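Welcome, and please have your viewer ready. We will move from one selection to the next, with a short note on what to look for at each stop.

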Amino acid sequence: MQLDAILVLSRFWARELGQKDGYFEAFEISRQWVDASFFTAIANSNYQVIK
């Protein structure tokens, strides 16, 4: 992104949070849990395709 776009977006989030001046950055925390067997299955499927 260009610096101007980053600043405009940061000002937008500041206004969304009720601040007339300033900058904010929006983050969304996402946590995912994957069983280890998932990776084993992928590794095995990739290995079989390569053979």
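Before the first selection, a word on terms: helices here are DSSP runs of H or I with at least four residues, numbered from the N terminus. By that rule, S10 lies in helix α1. Keep in mind throughout that this is a predicted model.

**The whole chain**

Start by showing everything as a cartoon. You should find two helices and zero strands. Now switch on the surface: the accessible area is about 5300 Å², and carbon and sulfur atoms account for 57% of that. Of the 51 residues in the chain, 4% are buried.

**Helix α1**

Select residues 3-16, which make up α1. How far apart are its end C-alpha atoms? They are 20 Å apart, which agrees with the 20 Å that the 14 residues of α1 should span at 1.5 Å a residue. Just after the helix, pick G18: G18 follows α1 and has a positive phi, near 90 degrees.

**S10**

Go back into α1 and centre on S10. Is S10 buried or exposed? S10 counts as buried because its relative accessibility is 12%, and the cut-off for buried is under 20%. To see what is around S10, add G22, Y23 and F24 to the selection; S10 is in contact with these three, leaving aside its neighbours within four places in sequence.

**A nonpolar patch**

Keep F24 and select M1, L3, I6, L9, F12, W13 and L17 along with it: together these residues make a nonpolar surface patch of about 810 Å². L9, which sits in α1, is partly exposed, with a relative accessible area of 40%. As you turn the view, a general point may help: an α-helix has 3.6 residues a turn, so residues three or four places apart point the same way.

**Aromatic pairs**

How many aromatic pairs does a search of the whole structure find? The search finds two. For one of them, show the side chains of F12 and W13: their rings are edge-to-face, 5.1 Å centre to centre, with 70 degrees between the planes. F12 is partly exposed at 35% relative accessible area, and W13 is partly exposed at 33%.

For the other, move to F38 and F39. This pair is edge-to-face too, at 5.3 Å centre to centre and 80 degrees between the planes. F38 is partly exposed, with a relative accessible area of 43%, whereas F39 counts as exposed at 52%.

Notes: Residues are numbered from 1 along each chain as its sequence is written. Side-chain values use heavy atoms; hydrogens and water are left out. Buried means under 20% relative accessible area, exposed over 50%, partly exposed in between (1.4 Å probe, protein chains only). Accessible areas come from the Shrake-Rupley method with a 1.4 Å probe; for residues, only the protein chains shown count as cover. Patches are made of residues with over 30% relative accessible area and no salt bridge: like charges are joined within 9 Å, nonpolar side chains (Val, Leu, Ile, Met, Phe, Trp, Tyr) within 5 Å. A salt bridge is a side-chain nitrogen of Lys or Arg within 4 Å of a carboxyl oxygen of Asp or Glu. The expected span of a helix is 1.5 Å times one less than its number of residues. Rings of Phe, Tyr and Trp (its six-membered ring) pair if their centres lie within 6.5 Å; planes under 30 degrees apart count as stacked, over 60 as edge-to-face and the rest as tilted. Contact means heavy atoms within 4.5 Å.
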